[in-house]
Amino acid sequence: MLRVAVIGVGSMGYHHARNYAELPDTRLVAVADTNAEQGRQVAGRFGCLFYHSHQDMLDRERLDAVSLAVPTSQHYRIACDLIDAGVSLLVEKPLAGNVAEAAE
């Protein structure tokens, strides 16, 4: 069973969560979002945990992969946190806010 999560559950992240929740052999473990109301709503809808902080989620959950669907200006910082934690990730486009961050 692949254990996955979504960071950022606005319009795009919601669809990532929905798709993960429907995939066989995949368990949507958690979602993280700074908007607590939105995050709790999506977590309730798909039967997973909600975290206000992606770092809290990384500290508490054993994850195989994460979809990152936050605003572009946050892609680099959060992607680095995921890479440092050894978690595979899918980053919504664009990869980063500028070419230097994307290259790194």
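## Close-up views of a predicted model

**View A. Surroundings of L82 in the predicted model.** Beyond its neighbours within four places in sequence, L82 is in contact with I7, L58, V66, V87 and L89. L82 belongs to the largest nonpolar core, which has 16 residues. I7, M57, L63, V66 and L82 are the residues with the most contacts inside this core. At least two of its residues come from each of β1, β2, α3 (54-60), β4 and α4. Another core, of 13 residues, lies apart from it and includes V6, A17, V31 and F46. In soluble globular proteins, nonpolar side chains tend to be buried together.

**View B. The open sheet of five strands.** The strands follow the order β3-β2-β1-β4-β5, and their pairing is parallel. At the edges are β3 (49-51) and β5 (88-91), each of which pairs on one side only. From one strand to the next, the twist averages 25°.

**View C. Strands β4 and β5 and the helix that joins them in a unit.** Four bridges link β4 (residues 65-68) with β5, in the parallel sense. Within this pairing, L68 stands opposite V91 of β5. Together with helix α4 (residues 75-84), the two strands make a β-α-β unit that is right-handed. Residue L82, shown in View A with its contacts to V66 and L89 among others, falls within the range of α4.

**View D. Helices α1 and α2 on the sheet.** Helix α1 (residues 11-22) lies across four strands: β1 (2-7), β2 (26-32), β4 and β5. Its direction is at about 165° to β1. Helix α2 (residues 36-46) lies across β2 and β3, and runs at about 165° to β3.

**View E. The aromatic pair Y14 and F46.** One aromatic pair is found in a search of the whole structure. The ring centres of Y14 and F46 are 5.4 Å apart and the ring planes are at 50°, so the pair counts as tilted. Y14 is in helix α1 and F46 in helix α2, so the pair ties together parts that are 32 residues apart in sequence. How exposed is each partner by relative accessibility? Y14 has 22% relative accessibility and counts as partly exposed. F46, at 16%, counts as buried, because the cut-off for buried is under 20%. F46 is also among the residues of the core of 13 residues described in View A.

Conventions: Residues numbered from 1 in each chain as written. Predicted model: local features only at pLDDT ≥ 70, side-chain atom pairs only at ≥ 80, totals over all residues. Heavy atoms only, no water. Pairing = 2+ DSSP bridges. Axes fitted to C-alpha atoms, helices over the stretch in contact; angles between N-to-C directions. Contact = heavy atoms within 4.5 Å. Right-handed = clockwise from strand over helix to strand, strands pointing away. Core = buried A, V, L, I, M, F, W, Y, C linked by side-chain atoms within 4.5 Å. Buried < 20%, exposed > 50% of the residue type's maximum accessible area, 1.4 Å probe, protein only. Phe/Tyr/Trp six-rings, centres within 6.5 Å; stacked < 30°, edge-to-face > 60°.
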